[in-house]
Structures are given as structure tokens and as C-alpha cells.
Amino acid sequence: MAKVESFSLDHDAVKAPYVRIAGQEQGPNGDKVTKFDLRFVQPNQAALPTSAIHTMEHLIAAYIRDYMDNVIDVSPMGCRTGFYMITWGDRTVEEATKAITKTLEDLVNSTWDDVQGTERQECGNYRDHSLWAAQEYAKEILAQGFSIDPFERKSLED
Ligand SMILES: [Zn+2]
């Protein structure tokens with residue numbers, strides 16, 4: 001059975017919110033893919049409600065691409081403590097941290113009209129959305145700031 005990188009991370013040792021690289025892969029033609037762990041809340045102490053993380057998912061999908069090129073996917077973690085982001089290329093924690101910070105700032109300033117894909121035909125659980133909750137959690141995350149080191153608080157400006 002394959003050993004999964006994220007399961008070897010000590011989830012008690014990390015200090016959320018943070019951004020870290022969770023892995024890099026190289027394809028047969030030499031293309032690189034970078035996977036980021038965008039951790040929003042402290043593992044085993046907090047979790048985003050499904051309505052909040054779901055609406056975040058819809059808004060992040062739209063906004064992150066304004067700040068980061070070649071994003072393949074941003075998807076919520078099953079534990080509801082953050083998102084994984086997968087991008088083309090050999091990428092840095094610094095650019096991902098800037099991008100997710102600007103994305104959450106846009107999210108905080110969004111209205112319901114900005115949330116795409118909220119009709120029944122467009123979403124797998126269209127009743128389970130809360131922009132209000134998404135914004136309240138995003139404000140808390142932004143107030144703490146994303147650390148560029150998962151184990152000690154280190155901001156982009158340090
Ligand atoms: Zn949805």
C-alpha cells in the first residue's frame with residue numbers, strides 16, 4: 001500500500017493557519033505538479049462547518065485563478081480543516097500564501113450573487129451553503145494570517 005505524505009505529518013505539531021508544500025510530482029514529459037496543504041483551522045481542535053467550507057470551495061475555485069496561474073484544482077479536506085491545492089509547475093509557498101490570502105480577502109467582500117454554481121443543477125448539495133459562515137471563518141483566518149512554516153508562526157513579511 002502506498003505511503004501517503006499527508007498522513008505522516010504530525011497534525012498535533014502544526015500551527016494553523018499555514019501553507020506548506022505537501023508534495024511534488026513529475027510527469028513522463030517532465031512537467032511538474034505541486035500540491036499544497038492550505039490549512040485554515042487547527043487540526044483536532046476546530047473544523048469548518050460543511051456549509052462554510054462548501055461555499056468557500058465555490059468561491060475559491062473562482063477567485064484563486066485571479067492570483068495564481070496554472071491551478072489544476074482546489075478541494076476541501078475531508079477533515080474540514082483546510083484545502084488541498086494542486087498546480088502545474090515547480091511552485092513556492094510564498095506565491096501560494098499570497099494567492100490564498102488575496103482570495104480570502106475577495107471572499108470576505110463577496111455577495112451571494114458572486115457565488116457561482118448554487119442552483120440545484122449546478123451543485124451536488126445546493127442546500128448546504130452559507131456565505132455568512134464562510135465569511136466569518138475567513139475573517140478569523142485572515143486576522144491570524146497564513147504562516148509560511150507549518151510548525152512555527154512565520155508570516156510572509158518576517
Ligand atoms: Zn457545491
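1. Met-85, in this predicted model, touches Thr-34, Lys-35, Phe-36, Leu-38, Ile-64, Met-68, Val-71, Asp-73, Val-74 and Ala-96, when residues up to four places away in sequence are not counted. Met-85 is also one of the residues that touch the most other members of the largest nonpolar core, a set of 30 residues in which Leu-38, Phe-40, Met-56, Ile-60 and Ile-64 share that distinction. The elements giving two or more residues to this core are β2, α1, β3 (71-76), β4, α2 and α3.

2. The zinc site deserves a careful look, with His-54 and His-58 each coordinating the ion through NE2 and Cys-123 through SG, at 2.1 to 2.3 Å. Along the sequence the donor residues follow the spacing H-x3-H-x64-C. The two histidines both belong to helix α1 (residues 50-67), where they are four residues apart, about one turn of the helix. An α-helix has 3.6 residues a turn, so residues three or four places apart point the same way. Both His-54 and His-58 are buried. Anyone parameterising the site should bear in mind that water is not among the atoms, so sites may look incomplete.

3. Helix α2 (residues 93-108) has 16 residues and reaches 22 Å from its first C-alpha to its last, which is close to the 22 Å expected at 1.5 Å a residue. Which residues of α2 are buried? They are Val-93, Ala-96, Thr-97, Ala-99, Ile-100, Thr-103, Leu-104 and Leu-107. These residues lie on the same side of α2, because the arc they cover around the axis is only 165°. Their packing partners are β1 (18-26), β2 (32-39), α1, β4 (82-88) and α3 (131-144).

4. For helix α3, the 14 residues reach 20 Å from the first C-alpha to the last, again to be set against an expected 20 Å at 1.5 Å a residue, to which the span is close. The buried residues of α3 are Leu-131, Ala-133, Ala-134, Gln-135, Ala-138 and Ile-141, and what covers them includes α1 and α2. Just after α3, Gly-145 takes a positive phi of about 80°.

5. How many salt bridges does a search of the whole structure find? The search finds five. In one of them the side chains of Asp-37 and Arg-20 meet at 2.8 Å, N to O; this pair links distant parts of the chain, with Asp-37 in strand β2 and Arg-20 in strand β1, 17 residues apart. Both Asp-37 and Arg-20 are buried. Asp-37 also forms a salt bridge with Arg-39, where the closest N and O atoms are 3.0 Å apart, and Arg-39 is likewise buried.

6. Another salt bridge joins Glu-136 to Lys-139, with the closest N and O atoms 2.9 Å apart. About one helical turn separates Glu-136 and Lys-139, because they are three residues apart in helix α3. Glu-136 is partly exposed, with a relative accessible area of 30%, and Lys-139 is partly exposed as well, with a value of 41%. Elsewhere, salt bridges that share partners join Glu-5, Arg-20, Asp-37 and Arg-39 into one network.

7. Some backbone geometry should be checked before the coordinates are used further. Most residues other than glycine have a negative phi, and most peptide bonds are trans. Ala-16 and Pro-17, however, are joined by a cis peptide bond with omega of about -5°, and Pro-17 is placed in the segment before β1. Asn-44 is not a glycine, yet its phi is positive, near 65°; Asn-44 sits in the loop between β2 and α1 and counts as exposed, because its relative accessibility is 69%. Asn-70, also not a glycine, has a positive phi of about 60°. The place of Asn-70 is in the loop between α1 and β3, where it is partly exposed, with a relative accessible area of 49%.

8. A final point concerns Asn-109, which lies in the loop between α2 and α3. Is Asn-109 buried or exposed? Asn-109 counts as exposed, because its relative accessibility is 64%, and the cut-off for that class is over 50%. The C-alpha atoms of Asn-109 and Glu-152 are separated by 29 Å, while the two residues are 43 residues apart along the chain.

Methods:
Residues are numbered from 1 along each chain as its sequence is written. This is a predicted model: local features need pLDDT of at least 70, side-chain atom pairs count only at pLDDT 80 or more; totals for chains, interfaces and linings use all residues. Side-chain values use heavy atoms; hydrogens and water are left out. Donors are N, O and S atoms within 2.8 Å of the metal (3.2 Å for Na, K and Ca); water is not among the atoms, so sites may look incomplete. Buried means under 20% relative accessible area, exposed over 50%, partly exposed in between (1.4 Å probe, protein chains only). The expected span of a helix is 1.5 Å times one less than its number of residues. The arc is that of the directions from the helix axis to the C-beta atoms. Contact means heavy atoms within 4.5 Å. A nonpolar core is a set of buried Ala, Val, Leu, Ile, Met, Phe, Trp, Tyr and Cys residues joined through side-chain atoms within 4.5 Å. A salt bridge is a side-chain nitrogen of Lys or Arg within 4 Å of a carboxyl oxygen of Asp or Glu.
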